[in-house]
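I opened this entry to keep track of what I looked up, one topic at a time. Cavities come before the overall picture here.

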Amino acid sequence: MINNFGGIIKLNRIQQGLTLDYISYKTGISKSQISRIERNKEQITFENVVKIFSVMNIEVSNENFETQFEKDFQTFYSDVVYVKDIENSYKVIRSYSDKIKSSLSYIKYLLCELIYMVMKGYSQKIETYLFIEKYFEYLESYQIQLFYDYLGVISYGNKLYKESYNYYNQAFSYRGNDYSNAMVYFHRSIPLTIFGELSDALECAIQARDIFTKTVNIKRLTSVNFQIAVVYSMNGHFKQSEKLNLACIEAFNNLGMVKEVEDTYNNLIWGYVRSREFDKIIDLENKALDIMHHDHCICFYLSYAYYKLQNKKKASEYIRKAKVQMNNPTEYMKAMINAFQVYLSKSSDERKEKQLLKVHQITKETRQYDLEVFTMELLREFYQSVHNTEKEYECMEKLIQYYKKRR
């Protein structure tokens with residue numbers, strides 16, 4: 001007799017669109033008995049397992065299969081934790097596809113699929129995997145934590161920041177191991193940063209850093225240091241942020257993580273924008289363009305830096321490049337580039353104000369704290385330039401409230 005197998009049978013039946021009546025008709029097992037088995041209210045014989053899965057055209061696995069899959073699952077999990085090339089380890093997991101559906105490890109197989117899809121950047125919908133919640137009895141606690149962690153990553157990728165934060169909190173309601181805890185701490189820090197909850201964001205990032213340091217996980221450690229640099233910058237600790245960003249660039253280069261090098265240069269130069277070190281942005285002009293030559297963000301940063309250094313010709317040149325090179329921009333950056341192009345033009349003050357207010361509204365709606373502060377500063381400068389003292393003071397009052405959030 002086999003225990004706790006009902007959920008796997010029910011999952012396969014539902015995935016194939018088969019009814020209890022159909023399974024009962026094909027196997028000779030009563031509908032009520034199959035229902036009890038699916039609810040784990042009744043044990044099932046191996047003979048009946050074979051009958052039911054035969055109807056579904058699924059090969060029945062054995063104990064040796066379960067043992068080998070568990071070893072390969074751990075290999076895949078280790079590759080995920082240490083940010084290795086997961087192609088080979090996932091290829092091994094995929095080799096189980098013909099047998100896994102009749103195994104108690106099927107839910108782990110689906111968890112691997114979820115993690116792989118997210119790590120490869122494939123567009124996913126939360127609803128595709130939510131059904132796994134019904135089968136938690138087949139997962140260990142740290143695996144449930146991973147499940148919610150990666151749902152959070154999907155939500156974050158879809159710019160659903162509040163939802164991602166809620167999934168990370170759900171992950172923490174389960175007891176994880178060092179690795180899964182560190183991953184959730186790291187990921188949870190990111191939406192907290194966006195919300196401007198900088199103290200909590202830094203605390204989470206440091207928790208993750210401590211664990212990654214203990215486990216000698218260099219790639220994850222460098223990534224979390226990058227996140228800490230982001231928090232430092234938003235907190236106004238620009239020198240600390242600069243130092244950490246430069247260290248991350250060197251580490252990512254040594255690790256061959258090209259995309260991460262680009263992201264860190266973006267963070268470094270954004271920090272120079274926020275700290276008003278415009279000469280440093282110009283000093284990095286050629287290097288940054290070489291690394292991010294098609295990136296609209298760097299063109300905007302250069303445009304803003306040249307504008308602040310009173311070189312309006314170069315500022316206009318780079319904002320035009322930014323607009324031409326926009327490739328899948330965020331809603332904010334698209335609006336900002338358009339607004340700044342108008343800001344540099346001979347358009348009316350009314351049109352300039354309207355464009356800047358539009359950008360600021362986007363930051364409020366998406367709760368992008370750092371961008372909201374930057375846009376408010378730009379609005380204050382605009383009102384100062386047109387001698388609208390009343391609105392300039394309104395901006396100053398809001399900025400004071402923003403700055404108070406820094407600790």
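Which helices each supply at least two residues of the lining of the second largest cavity? I looked this up in what is a predicted model, and found H14 and H21.

**Entry 1: second largest cavity.** I noted a volume of about 30 Å³ for the second largest cavity. I listed its lining as Val273, Arg274, Arg276, Tyr304, Phe374 and Glu377. I sorted these residues by class and got three nonpolar, no polar and three charged. Tyr304 enters the nonpolar class because Tyr is counted there. I also checked how many cavities of 30 Å³ or more the structure holds, and the count is two.

**Entry 2: largest cavity.** I then turned to the largest cavity, which has about 40 Å³ of space. Its lining consists of Phe238, Ser241, Glu242, Asn245, Leu268, Gly271, Tyr272, Ser275 and Glu277. Two helices, H13 (238–255) and H14 (258–274), each supply at least two residues of this lining. I recorded H13 as the source of the largest share, with four residues. By class I found three nonpolar, four polar and two charged residues.

I followed the two glutamates of this lining, Glu242 and Glu277, a little further. Both belong to a network of salt bridges that also takes in Lys239 and Lys280.

**Entry 3: second largest pocket.** I moved from cavities to pockets and looked at the second largest one, with a volume of about 210 Å³. The residues lining this pocket are Gly7, Lys10, Leu11, Ile14, Gln15, Glu38, Asn40, Phe131, Lys134, Tyr135 and Glu137. Which helix gives the most to the lining of the second largest pocket? I found helix H1 (residues 6–15), with five residues. The class split of the lining is four nonpolar, three polar and four charged.

**Entry 4: salt bridges.** How many salt bridges does the structure hold? I noted 20, and wrote up three of the pairs.

I started with Lys108 and Glu140, whose side chains meet in a salt bridge at 3.9 Å, N to O. This pair links distant parts of the chain, with Lys108 in helix H7 (residues 106–119) and Glu140 in the loop between H7 and helix H8 (141–157), 32 residues apart. I looked up the exposure of each partner. Lys108 has a relative accessible area of 9%, so I entered Lys108 as buried. Glu140 comes to 38% relative accessibility and therefore counts as partly exposed.

I next took Lys308 and Glu381, where the closest N and O atoms of the salt bridge are 3.1 Å apart. This pair also links distant parts of the chain: Lys308 sits in helix H17 (residues 296–308) and Glu381 in helix H21 (residues 369–385), 73 residues apart. Is Glu381 buried or exposed? I have Glu381 down as buried, because its relative accessible area is 8%, and the cut-off for buried is under 20%. Lys308, at 26% relative accessibility, counts as partly exposed.

I kept a pair within one helix for last. Glu317 and Lys321 form a salt bridge, with 3.6 Å between the closest N and O atoms. Both residues lie in helix H18 (residues 312–324), four residues apart, which is about one turn of the helix. I found Glu317 partly exposed at a relative accessible area of 25%. Lys321 counts as partly exposed too, at 35% relative accessibility.

**Entry 5: surface patch.** I looked up a nonpolar patch on the surface and found Tyr393, Met396 and Ile400, with about 280 Å² of accessible area together. I placed Ile400 in helix H22 (residues 389–404). Its relative accessible area is 40%, so Ile400 is partly exposed. A patch residue needs over 30% relative accessible area, and the 40% of Ile400 passes that cut-off.

**Entry 6: overall figures.** I left the whole-protein figures to the end. The secondary structure comes to 22 helices and zero strands. The C-alpha atoms fill a box of roughly 85 × 45 × 35 Å along the principal axes. What share of the 407 residues is buried? I recorded 51%.

How values were computed:
Residues are numbered from 1 along each chain as its sequence is written. This is a predicted model: local features need pLDDT of at least 70, side-chain atom pairs count only at pLDDT 80 or more; totals for chains, interfaces and linings use all residues. Side-chain values use heavy atoms; hydrogens and water are left out. On a 1 Å grid over the protein atoms alone, a cavity is a set of points where a 1.4 Å probe fits but cannot get out, and a pocket is an open set with protein on both sides within 12 Å along at least five of seven lines; lining residues have an atom within 4 Å of a point. Grid points are joined across faces, edges and corners, and a volume is the space filled by probe spheres set on the points. A salt bridge is a side-chain nitrogen of Lys or Arg within 4 Å of a carboxyl oxygen of Asp or Glu. Buried means under 20% relative accessible area, exposed over 50%, partly exposed in between (1.4 Å probe, protein chains only). Patches are made of residues with over 30% relative accessible area and no salt bridge: like charges are joined within 9 Å, nonpolar side chains (Val, Leu, Ile, Met, Phe, Trp, Tyr) within 5 Å. Accessible areas come from the Shrake-Rupley method with a 1.4 Å probe; for residues, only the protein chains shown count as cover.
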